[in-house]
Amino acid sequence: MSMITIPDFPKTKKLKSIAVLTSGGDAPGMNAAVRAVVRYAIANGVAVSGIMKGYSGLLEGQIEPMKLSSVANIIQRGGTVLKTDRCPAFLKRSVRKEAANILVRKGIEGLVVIGGDGSFTGASLLEKETGFRTIGVPGTIDNDIAETEDTIGFDTAVNTAIEAIDRIRDTASSHGRLFLVEVMGRNSGFIALSTGIGGGAETIVVPEAALTLGKITGAIRRGIARGKTSSIIVVAEGPKPGLATRIANGLAKNGFDPKVCTLGHIQRGGIPTAHDRMLGSVLGAAATAYLVSGKSGGMIGLRENTVAFVPYRDVIGKKKTLPKFAMSLAEILAT
Ligand code: F6P
């Protein structure tokens, strides 16, 4: 684990009261970020509230003042103690206006949003339309947020998936079997790529690159020709989970006898790695410092392994590219 470069945080204090919420899919390390927001704010004399259940809880007024002890013993826990939600209602302008009114009535001047692209879209629109200050912290196992090299939860999810592959490899090699392992990643293949390289997969299927059945069977046959008795193919679930099963059906029609293992939400839970705890702590504290100083309208991410503020307009809806060479490298290393 390389040490994140932490530049000095802003020292100005313009805001006296802020709030924090987690939104979208939970990710291991979110609790470290929540803890950092709460403790950094209090250490700087700023009042901090916790909003339960993301934007849904905000609309329901589920807002509680936080103390130092509110975040004791959570850094090692997966999930999010603030709970989370996907909130389609927040797509409505009138609903966002109501959310800002609720926050203002509570005397809150700024909001830290820990989540992914959809959560940042909500935060950005809220700020543009009402002037209410928000700042984002990238928290998603997918690592699919533009302009940040890393997101909270990605490292833990990849480690969980690799551990599963190691176990599957034991049975695959004992029986001489072909396995397809489906990992998460709705729109992006970062989990599949890192899991595939780290787990020594023969082939990796990602949403970014169309891979035909012919190419997949070609890779398996090349392995068999050079004496391999078992193979593992890592498949990102893509927009419609179950892709590994659909590929397996195609392989079965081509004379193979594949087994499918879908890891699903197992990858989202569990104890966060040291890296995700560090990342959550640093990004959470930095986001608080920037917000309290009056800086908002963007995300705190990692650029060249250094904490950096990035405006929402450079992040939201932008595609983070999967390194193409890494895909072919995975195949070279598996031959
Ligand atoms: O965005 C995180 C993620 O875990 C994706 O990898 C996955 O495709 C999706 O969320 C699953 O969402 P849900 O938990 O709502 O089924």
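This passage describes the ligand site of a predicted model and the two domains that frame the description.

The domain assignment splits the protein into domain 1 (17-153 + 272-314) and domain 2 (157-268). Taken over C-alpha atoms, the centres of domain 1 and domain 2 are separated by 34 Å. To the contact, domain 1 contributes 10 residues and domain 2 contributes 10 residues.

Turning to the ligand, the space it takes is the largest pocket. Both domains take part here: the shell around the ligand draws at least three residues from domain 1 (17-153 + 272-314) and at least three from domain 2 (157-268). Surrounding the ligand are R86, T140, I141, D142, M184, G185, R186, E237, H265 and R268. By residue class, this shell divides into 5 charged, 3 polar and 2 nonpolar residues.

Readers who like to start from distances will find three side chains of interest. For E237, an N or O atom of the side chain lies 2.4 Å from an oxygen atom of the ligand. In the case of H265, the corresponding distance between a side-chain N or O atom and a ligand oxygen atom is 2.8 Å. With R86, a ligand oxygen atom and an N or O atom of the side chain are 3.0 Å apart. As for burial, the ligand has 400 Å² of accessible area on its own, and the protein covers 76% of that area.

In brief, the ligand takes the space of the largest pocket, with a shell that draws on domain 1 and domain 2.

Note on methods. Residues numbered from 1 in each chain as written. Predicted model: local features only at pLDDT ≥ 70, side-chain atom pairs only at ≥ 80, totals over all residues. Heavy atoms only, no water. Near = heavy atom within 4 Å. Polar contact = N/O pair within 3.5 Å; in protein donor to acceptor, adjacent residues only side chain to side chain. Areas by Shrake-Rupley, 256 points an atom, 1.4 Å probe, with all protein chains shown as cover. 1 Å grid on protein atoms, 1.4 Å probe; cavity = no way out; pocket = protein on both sides within 12 Å on 5 of 7 lines; lining within 4 Å. Sits in = over half its atoms within 2 Å of the grid points. Nonpolar A, V, L, I, M, F, W, Y, C, P; charged D, E, K, R; others polar. Domains from an automatic or database assignment. Contact = heavy atoms within 4.5 Å.
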